[in-house]
Amino acid sequence: MSDASNSAEKPPPPNWILHHPAYQQMKSLEIEDSAQVHAAFLVFMDLTEVRQWKEVSCVKSPELQVILLEGREKEGAPVQTVLPLPVHRSLSHKSIRHVLDRGFPMLLCAVACDSTLVYQRMTDGLVTPDPPAGPFQDLGRRQHRKRRQKP
Amino acid sequence: MDNRPSSHAVGVSLCDSAPLLWRVEDLRTVRSQGLVGALLGSLPRTPRQNVRLGRPLLLLEEEETLLRERQAAAAGYQQDGRGAELRLQVQQHQEDQQRSYEEQSVLALEDRKSALLRAMTSSHTESGAGALDGALRGRLEALDRSFTFPCSALAVQLSTARAGLSYCPEARSILRADRPIRGRDELSCDTGRYQVFTDLRGRGFYLTSAGKFGGDFLVYPGDPLRFHAHFIAICVSKNESVGLLDLLSVARLGSNVKKTVLLCSPGPDGRVLYTSLQWSGMV
């Protein structure tokens, strides 16, 4: 019994990321930019473990020389492409178009040094923003009168 | 939307390099062509506020270039050599001011004397009449000797009821548009931005400058007086490198003000590529 509790409490090795099968799969795609591979792994973990996305896989983008992730938000949802990047990078509009041209809805994910993840949606064309939410109240002249009384 | 060269050319006055429009019919003409510009002038009857401004109208570089391409802009008459007439007017004005100053000095002195009289008679009702008269006379004489009316206290009248820029004969000659400006081969403004501007204008959007939002243009689905802007357009070339932090900050700003950020890049074939940035909302 003491053996069982011992094995349950055994801590993971300090370089557990390097041993993770998903990471090793990404490594096999031979991307030189190790910071981007690390970022891709963190996003992979976020999508699979935290957000419970389905069928998440990694693929290499030859034009950009980065790892892209593909997955579905839910069973049966459309496939989306995620571009993970360390936050202090820059990228060109051309690179964004390369990923958009794959034909799937695209998310850009910025990975900070503290592993904070920020997702941004990128779409081709002009997407009208959502209108402001109601209910709206016509304040009339009351609002302007209040302002004028301020010293 | 009218793309033909307008029969009515607007008179563009250049102040350094800033293109300005002064005449009301010119403002109406450019508005009907879907160009908005920005009003700069203060209104004499509603001073000290920035909400409602008057003429002149400042045009964007792109708007001026568009007018020139449509041959709808003409140079404002550059007047020179009215020196003698102006000097006479300045002299007249100075003499008027001096006269007004002298009149006001006299009135101010009388005011002070009567105020002094009121003060001394009201406070010394109990004391002897003789002592009061003596003291009063002394004070009044001192006032006569030493009183000066400061120039900063001079009341100046500004006539605001002038009949507008177009009725004054001198102004009319200044504002008459003479030589037409032909579209120049080398565009003075950034060609990338200009391509985006003409493309969006061609799709029926109205554009103004977006300095407040850190972008290049604000894109409205119709006249800005009737609609809120839908997009903040940022013009970049296809190969230009943009920092990820900048993209994040501008997308976040866009979501806070309910506008979509538009990355615009002109392509080689004249088409413009648009990518919409939206905050994902994934927490």
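1. Chain B, surface and make-up. The accessible surface of chain B is about 17,600 Å², with 52% of that area on carbon and sulfur atoms. This is a predicted model, and the values below are computed from it. Chain B holds seven helices and twelve strands. Of its 283 residues, 36% are buried. Take the contacts in chain B between residues at least 6 apart in sequence: 58% of them join residues at least 24 apart.

2. Chain A, surface and make-up. Chain A has an accessible surface of about 9,600 Å². Carbon and sulfur atoms account for 53% of that area. The chain has 151 residues, and 37% of them count as buried. Six helices and six strands make up its secondary structure. Read from the N terminus, the order is α-α-α-α-β-β-β-β-α-β-β-α. Among contacts in chain A with a separation of 6 or more, 47% come from residues 24 or more positions apart.

3. The largest pocket. Its volume is about 980 Å³. The lining counts 28 residues. V36(B), G37(B), A38(B), L39(B) and T208(B) lie nearest the centre. Five elements of chain B give two or more residues to this lining: α1 (24-32), β3 (38-41), β4 (54-58), β7 (206-209) and β8 (217-220). Which of them gives the most to the lining? That is α1(B), with five residues. By class, the lining has 18 nonpolar, five polar and five charged residues.

4. The largest nonpolar core. In soluble globular proteins, nonpolar side chains tend to be buried together. Here the largest such core has 26 residues. Those with the most contacts inside it are L21(B), V30(B), F197(B), L200(B), F217(B), V219(B) and C264(B). Elements of chain B that each supply at least two of its residues include β1 (10-15), α1, α2 (61-69) and α6 (191-202). The strands β8, β9 (231-235), β11 (260-266) and β12 (272-279) of chain B do so too. The top contributor is α6(B), with four residues.

5. V219(B) and its neighbours. Which residues does V219(B) touch, leaving out those up to four places away in sequence? They are L200(B), F205(B), Y206(B), L207(B), A229(B), H230(B), F231(B) and A233(B). Apart from the largest core lies another core, of 25 residues. L83(A), L85(A), V99(A) and A251(B) are among its members.

6. Helix α5(A). Is helix α5 (residues 93-100) of chain A mostly covered or mostly uncovered? It is mostly covered, with six of its eight residues buried. The buried ones are H93(A), S95(A), I96(A), R97(A), V99(A) and L100(A). V99(A) also appears in the core of 25 residues.

7. S57(A). This residue sits in strand β1 (residues 54-61) of chain A. Its relative accessibility is 32%, so S57(A) counts as partly exposed; the band runs between 20% and 50%. Not counting residues up to four places away in sequence, S57(A) touches L68(A), L69(A) and E70(A). L108(A) is 51 residues from S57(A) in sequence, and their C-alpha atoms are 16 Å apart.

8. G76(A). Look for G76(A) in the loop between β2 (66-72) and β3 (79-86) of chain A. Why does G76(A) count as exposed? Because its relative accessibility is 69%, and exposed means over 50%. K54(A) is 22 residues away along the chain, with 9.0 Å between the C-alpha atoms of G76(A) and K54(A).

9. Backbone points to check by eye. Most residues other than glycine have a negative phi, and most peptide bonds are trans. Three places in this model depart from that pattern, taken in turn below.

- The peptide bond from R55(B) to P56(B) is cis, with omega near 15°. P56(B) belongs to strand β4 of chain B.
- Q52(A) is not a glycine, yet has a positive phi of about 60°. Q52(A) lies in the loop between α4 (34-50) and β1 of chain A. With 46% relative accessibility, Q52(A) counts as partly exposed.
- D16(B) also has a positive phi, near 55°, and is a residue other than glycine. D16(B) is found in the loop between β1 and β2 (18-21) of chain B. Its relative accessible area is 79%, so D16(B) is exposed.

Methods
Residues numbered from 1 in each chain as written. Chains lettered and ligands numbered in written order. Predicted model: local features only at pLDDT ≥ 70, side-chain atom pairs only at ≥ 80, totals over all residues. Heavy atoms only, no water. Buried < 20%, exposed > 50% of the residue type's maximum accessible area, 1.4 Å probe, protein only. 1 Å grid on protein atoms, 1.4 Å probe; cavity = no way out; pocket = protein on both sides within 12 Å on 5 of 7 lines; lining within 4 Å. Points joined across faces, edges and corners; volume = space filled by probe spheres on them. Nonpolar A, V, L, I, M, F, W, Y, C, P; charged D, E, K, R; others polar. Core = buried A, V, L, I, M, F, W, Y, C linked by side-chain atoms within 4.5 Å. Contact = heavy atoms within 4.5 Å. Areas by Shrake-Rupley, 256 points an atom, 1.4 Å probe, with all protein chains shown as cover.
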